[in-house]
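Here is a friendly walk through the side-chain interactions of one model. Please have your viewer open and follow along.

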Amino acid sequence: MDVRYPIGTFQFDGKITNGVAEGWIREIEALPGLLREAVCNMDDEQLGTAYRPGGWTVRQVVHHVADSHLNAFIRFKLALTEESPVIKPYEEGRWAELPDYDLPIDVSLSLIESVHRRMCKILSGLPADVLKRTFIHPDSGEVTVGENIGIYAWHGRHHLAHITSLSKRQGW
């Protein structure tokens, strides 16, 4: 297993239907509870452990998920209300060095719960034509709402697996 990508990279070659999107939305909806469960018994030393050599600590991963999914929520809202808006990327590695990444993880776990609740509310039941709405990422190009739902379902599972695979390897 590649510890950087414990579940592999995001791959989807099929047609993004309402059913596919709804499955991904259910994964997004489940993530906050799964993430909280994965870290609930960790002490400060464990939270300060990197999931791989040169990688982020568990604490940084949790705070990153909050930052990333908050950005995703804004990107969804932009795509749903504007015609192919150009979104602003952010330097996630530099964000992980800011002082708020020293905060207790419950701050970000609560944020993830709230953002996911709102995200799932706006994404659930979207008509097929709305899943095709787009935003433009300066590096990745055009991304549909449907694709982005899949990307963020994967992103949550990806970082959850960083934490759970570390726990398993360490015998926590």
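Contact here means heavy atoms within 4.5 Å. Leaving aside residues up to four places away in sequence, glutamine 60 touches Ala96 and Tyr101. This is a predicted model, so local features need pLDDT of at least 70 and side-chain atom pairs count only at pLDDT 80 or more, while totals for chains, interfaces and linings use all residues. Residues are numbered from 1 along each chain as its sequence is written, and side-chain values use heavy atoms, with hydrogens and water left out.

## Polar contacts in helix H3

Helices are DSSP runs (H or I, at least four residues), numbered from the N terminus. Glutamine 60 sits in helix H3, and a polar atom of its side chain lies 3.3 Å from the backbone oxygen of alanine 96. A polar contact is a pair of N or O atoms within 3.5 Å; within protein, one must be able to donate a hydrogen and the other to accept it, and residues adjacent in sequence count only if both atoms are side-chain atoms.

Histidine 69 is also found in helix H3. Is histidine 69 buried or exposed? Its relative accessibility is 1%, and it counts as buried; the scale calls residues buried under 20% relative accessible area, exposed over 50% and partly exposed in between, with a 1.4 Å probe and protein chains only. The side chain of histidine 69 makes a polar contact of 2.8 Å with that of histidine 155. Not counting residues up to four places away in sequence, the residues that histidine 69 touches include Leu31, Val115, Met119 and Tyr152.

## Salt bridges

How many salt bridges does the structure hold? There are 8, where a salt bridge is a side-chain nitrogen of Lys or Arg within 4 Å of a carboxyl oxygen of Asp or Glu. Among them are these three:

| Acidic residue | Basic residue | Closest N to O |
|---|---|---|
| Aspartate 2 | Arginine 4 | 3.6 Å |
| Glutamate 22 | Arginine 26 | 3.0 Å |
| Aspartate 44 | Arginine 59 | 2.4 Å |

The pair of aspartate 44 and arginine 59 links distant parts of the chain, 15 residues apart: aspartate 44 belongs to helix H2 (residues 44–47) and arginine 59 to helix H3 (residues 58–81). Aspartate 44 is exposed, at 57% relative accessible area, whereas arginine 59 is buried, at 15%. Elsewhere, salt bridges that share partners join Glu22, Arg26 and Glu29 into one network. Within that network, glutamate 22 and arginine 26 both lie in helix H1 (residues 18–39), 4 residues apart, or about one turn of the helix. Glutamate 22 is partly exposed at 23% relative accessibility, and arginine 26 is partly exposed at 36%.

In the first pair of the table, aspartate 2 is partly exposed with a relative accessible area of 35%, and arginine 4 is partly exposed at 40%.

## Nonpolar cores

In soluble globular proteins, nonpolar side chains tend to be buried together. A nonpolar core is a set of buried Ala, Val, Leu, Ile, Met, Phe, Trp, Tyr and Cys residues joined through side-chain atoms within 4.5 Å. The largest such core has 22 residues, of which Ile28, Phe76, Met119, Leu123, Val145 and Ile149 touch the most other members. H1, H3, helix H5 (105–123), helix H6 (128–131) and helix H7 (145–170) each supply at least two residues of this core. A second, separate core of 21 residues includes Leu35, Ala66, Ala96 and Leu109.

Valine 145 is a good place to zoom in. Apart from residues up to four places away in sequence, valine 145 touches partners including Phe76, Leu80, Leu123 and Val130.

## Aromatic pairs

Now for the rings. A search of the whole structure finds 3 aromatic pairs; rings of Phe, Tyr and Trp (its six-membered ring) pair if their centres lie within 6.5 Å, and planes under 30 degrees apart count as stacked, over 60 as edge-to-face and the rest as tilted. Phenylalanine 12 and tryptophan 24 form an edge-to-face pair, 5.0 Å centre to centre with 75° between the planes. Phenylalanine 12 lies in the segment before H1 and tryptophan 24 in helix H1, so the pair ties together parts that are 12 residues apart in sequence. Tryptophan 24 is buried, with a relative accessible area of 10%, while phenylalanine 12 is partly exposed at 33% relative accessibility.

The rings of tyrosine 90 and tryptophan 95 make a tilted pair, because their planes stand at 45° with the centres 4.3 Å apart. Ring pairs also link Phe10, Phe12 and Trp24 into a cluster.
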